[in-house]
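Here is a short report on one protein chain. Look at the sequence and the model first, then read on.

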Amino acid sequence: MSIAKTGDKVAVHYTGKHTDGSIFDSSVGRTPLEFQLGSGMVIKGFDDGVTGMAIGEKKTVVIPAAEAYGEHSPENTVTLERAQIPPHIELELGASLSMHQDGGHVVEVVITDLTDSHVTLDANHPLAGRDLTFELELVSIS
């Protein structure tokens with residue numbers, strides 16, 4: 001029986017849930033997720049959860065925020081004067097925007113607060129600060 005280990009290319013079906021049980025992503029009904037174990041292609045807790053599984057095995061892993069997308073960092077939020085945002089950009093609470101930084105780096109941000117005079121932008125990953133639960137099924141190892 002093959003057991004998944006670091007360096008193996010694996011295919012996994014998964015369902016990701018928040019702690020309240022609501023689903024935020026799933027590969028069920030789609031092509032399984034393929035990645036190389038230990039390569040950093042997926043979050044650490046997901047990688048660790050698949051390591052040691054056998055083909056056909058199913059299990060549930062709970063991944064603390066620190067091993068998922070990290071804690072929510074206040075340093076990744078910024079409040080700007082509304083006048084600093086180009087007028088052609090439609091501002092709406094919860095909307096995603098792309099910000100171009102020096103050196104051409106693009107950062108995705110979400111509008112988390114909006115007043116007549118200011119806009120608060122959050123560059124944290126949408127799942128930062130959340131413990132996540134994944135139902136995993138190892139489909140193949142190559």
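The report below goes from the annotation to a strand, the cores, the rings and two single residues.

## The model and its annotation

This is a predicted model. The UniProt record, an unreviewed entry, places the annotation "domain: PPIase FKBP-type" on residues 7-101. Over residues 7-101 the chain is 35% strand and 7% helix. The C-alpha atoms at the two ends of that stretch are 35 Å apart.

## Strand β1 and its partners

Start with β1, which spans residues 9-17. Seven of its nine residues are buried, so the strand is mostly covered. Find β9, residues 132-141. β1 and β9 run antiparallel and are joined by eight bridges. One place to see this pairing is G16, whose bridge partner in β9 is F134.

β1 also pairs with β3, residues 33-36. That pairing is antiparallel too, with four bridges. Here A11 faces E34 of β3. Next comes β2, residues 23-26, which is antiparallel to β1 and joined to it by three bridges. K17 stands opposite I23 in β2. β1 and β2 make a hairpin, with five residues between the strands. In that turn, G21 has a positive phi of about 95°.

## Two nonpolar cores

Which residues touch the most other members of the largest nonpolar core? They are V10, V12, F35, F46, V50, F134 and L136, out of 19 residues in this core. Four elements each supply at least two residues of the core: β1, α1 (44-50), β4 (58-63) and β9. β9 gives the most, with four residues.

There is also a second, separate core. This one has nine residues, including I85, L97, V107 and V109.

F134 deserves a closer look. At 5% relative accessibility, F134 is buried. Set aside its neighbours within four places in sequence. F134 is then in contact with Y14, T15, G16, F24, I43, F46, K59, T60, V61 and I63.

## A cluster of rings

How many aromatic pairs does a search of the whole structure find? The search finds five. One of them joins Y14 and F46. This pair is edge-to-face, with 5.9 Å from centre to centre and 80° between the planes. Why does the pair tie together parts that are 32 residues apart in sequence? It does so because Y14 lies in strand β1 and F46 in helix α1. Y14 is buried, with a relative accessible area of 9%. F46 is buried as well, with a relative accessible area of 4%.

F24 and F134 form another edge-to-face pair. Their centres are 5.7 Å apart, and the planes meet at 85°. F24 is in strand β2 and F134 is in strand β9, so this pair links parts 110 residues apart in sequence. Is F24 buried or partly exposed? At 26% relative accessibility, F24 counts as partly exposed, whereas F134 counts as buried. The ring pairs link Y14, F24, F35, F46 and F134 into a cluster.

## Two residues up close

H13 sits in strand β1. Its relative accessibility is 18%. Buried means under 20%, so H13 counts as buried. The side chains of H13 and S27 are joined by a polar contact of 2.9 Å. Leave out residues up to four places away in sequence, and H13 touches S27, V28, R30, T31, P32, E135, L136, E137 and V139.

V119 is in strand β8, residues 118-122. At 0% relative accessibility, V119 counts as buried. What does V119 touch, not counting residues up to four places away in sequence? Its contacts are V78, T79, L80, R82, I85, L91, I111, D113 and L114. One of these, I85, is also a member of the second core. The C-alpha atoms of V119 and I89 are separated by 12 Å. Along the chain, V119 and I89 are 30 residues apart.

## Pulling it together

Now return to β1. The strand pairs with β9, β3 and β2. Y14 belongs to β1 and to the ring cluster. F134 is a member of that cluster, and F134 is also among the residues that touch the most other members of the largest core.

How values were computed. Residues numbered from 1 in each chain as written. Predicted model: local features only at pLDDT ≥ 70, side-chain atom pairs only at ≥ 80, totals over all residues. Heavy atoms only, no water. Core = buried A, V, L, I, M, F, W, Y, C linked by side-chain atoms within 4.5 Å. Buried < 20%, exposed > 50% of the residue type's maximum accessible area, 1.4 Å probe, protein only. Contact = heavy atoms within 4.5 Å. Pairing = 2+ DSSP bridges. Phe/Tyr/Trp six-rings, centres within 6.5 Å; stacked < 30°, edge-to-face > 60°. UniProt positions renumbered as here; feature names shortened; annotations may be inferred. Polar contact = N/O pair within 3.5 Å; in protein donor to acceptor, adjacent residues only side chain to side chain.
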